[in-house]
Amino acid sequence: MKQPEITQVLLMAHGWGYNHRFFNALLNTLPANTRETTLFVCLEAGYFPEQARQGLMIHTPGISTQDQWVHYTAEVLHSLVLAYAEVPWLGLGHSLGFSKLLDFSVRWHSLLSIHGFTHFVKGDSNTQGTPPRLLSRMIQKAEQNMPEVLRDFHNRCGHHAQWATLDEQTLLTDLRSMQELNAAQALQQALSHGAELHAWASNTDEIVPLALALQCFEHTLKQQNRELHTLASEHAGIATAPARYTDTLLPLLSQH
């Protein structure tokens, strides 16, 4: 039987303290036709080396997501962009993962932020965000006891990722990066060719408060005649209860 043609690429990026498996529950909610015609690619940070090394994880369309991801080096992304230049590219980033998508020169059809942000700490014109001293305190503690910090973080997210080993240096590097993160200009550059922005946030998110998401995205969304999708969900709610997001998210992943 002839395999269905790929009609879109969904490039995903997980947040700090998780990996590509974070998206399994969401992908399993997609209609069969969408699963069969979408190439799923995830930027993998490699925080849990026994599960996946840093690079890309690519999933074969139409197969159950559980343990069906295949690792590739990050350099493969360039070849994928060329190979699938004629189909829409959708970027879906959770938390810190959203800003990581903006590091790549992809001509986006849509960018989807799930509890994401363009900056994380307060400072200068950024009136919303985590106080710098609190993030500094978390970093100092992580330097001494990363497993404890990660378990506490997962508690606050409402979802625990399983691990046997940690790449503590990579976790620290990404945690420190949030001290200076300012991706607002990169977002505008990514959208300058007509891409759509959609963003989801929660009034019960302990990691990325609703006020922070509004400051990061509200102005741009209004320019595109859209509003922030708000719901009552924990920071990692899309991994534990993806159905809460499906009314607004699935139509965007099923239109091509």
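So, His115 sits in the loop that runs between strand 6, residues 110–114, and helix 5, residues 132–144. Keep in mind that this is a predicted model. His115 is buried, because its relative accessible area is just 1%, and the cut-off for buried is under 20%. The backbone there is worth a look too: His115 has a positive phi, about 55°, and it's not a glycine. For context, most residues other than glycine have a negative phi.

Okay, stay in that loop for a second. Asp124 is also found between strand 6 and helix 5. Asp124 has a positive phi of about 55° as well, again without being a glycine. Is Asp124 buried or exposed? Asp124 is exposed, with a relative accessible area of 86%, whereas His115 is buried at 1%.

Now, who touches His115? One residue to click on is Ser95, in the loop between strand 5, residues 89–94, and helix 4, residues 96–101. If you skip the neighbours within four places in sequence, Ser95 is in contact with Gly15, Ile114, His115, Gly116, Phe117 and His235. And Ser95 counts as buried, because its relative accessibility is 5%.

Let's move over to Thr165. You'll find Thr165 in the loop between helix 6, residues 146–157, and helix 7, residues 168–177. Thr165 counts as partly exposed, because its relative accessibility is 38%. What does the side chain of Thr165 make a polar contact with? That's the side chain of Glu50, at 2.7 Å. Glu50 has company: leaving out the close sequence neighbours, within four places, Thr165 is in contact with Tyr47, Phe48, Pro49 and Glu50. If you want a distance to check on screen, Thr165 and Pro147 are 18 residues apart in sequence, and their C-alpha atoms are 9.3 Å apart in space.

Right after that loop comes helix 7. Which residues in helix 7 are buried? They're Thr170, Leu171, Leu172, Asp174 and Leu175. Notice there's an aspartate in that list, Asp174. As for what covers the buried residues of helix 7, that includes helix 4, helix 5 and helix 6.

One more threonine, and then I'll zoom out. Thr37 is in helix 2, which covers residues 32–37. Its side chain reaches the backbone oxygen of Asn33, at 2.8 Å. As a reminder on helices, residues three or four places apart point the same way, because an α-helix has 3.6 residues a turn. Thr37 is buried, because its relative accessible area is 9%. Setting aside neighbours within four places, Thr37 is in contact with Pro4, Glu5, Ile6, Thr7 and Gln8.

Okay, the whole thing. The protein has 11 helices and 8 strands. Its radius of gyration is 17 Å, and that agrees with the compact globule estimate for 256 residues, which is near 18 Å. The C-alpha atoms fill a box of roughly 55 × 45 × 30 Å along the principal axes. Buried residues make up 50% of the 256. Take the contacts between residues at least 6 apart in sequence, and 67% of those join residues at least 24 apart.

Last, the surface and the charges. The protein exposes about 12100 Å², with carbon and sulfur atoms supplying 48% of that. There are 16 positive and 23 negative side chains, and the centres of the two sets lie 3 Å apart.

Definitions and conventions
Residues numbered from 1 in each chain as written. Predicted model: local features only at pLDDT ≥ 70, side-chain atom pairs only at ≥ 80, totals over all residues. Heavy atoms only, no water. Helix = DSSP H or I, 4+ residues; strand = E, 2+ residues; numbered from the N terminus. Rg over C-alpha atoms; globule rule 2.2 N^0.38 Å. Buried < 20%, exposed > 50% of the residue type's maximum accessible area, 1.4 Å probe, protein only. Contact = heavy atoms within 4.5 Å. Areas by Shrake-Rupley, 256 points an atom, 1.4 Å probe, with all protein chains shown as cover. Lys, Arg positive; Asp, Glu negative; His and termini not counted. Charge placed at Lys NZ, Arg CZ, Asp CG, Glu CD. Polar contact = N/O pair within 3.5 Å; in protein donor to acceptor, adjacent residues only side chain to side chain.
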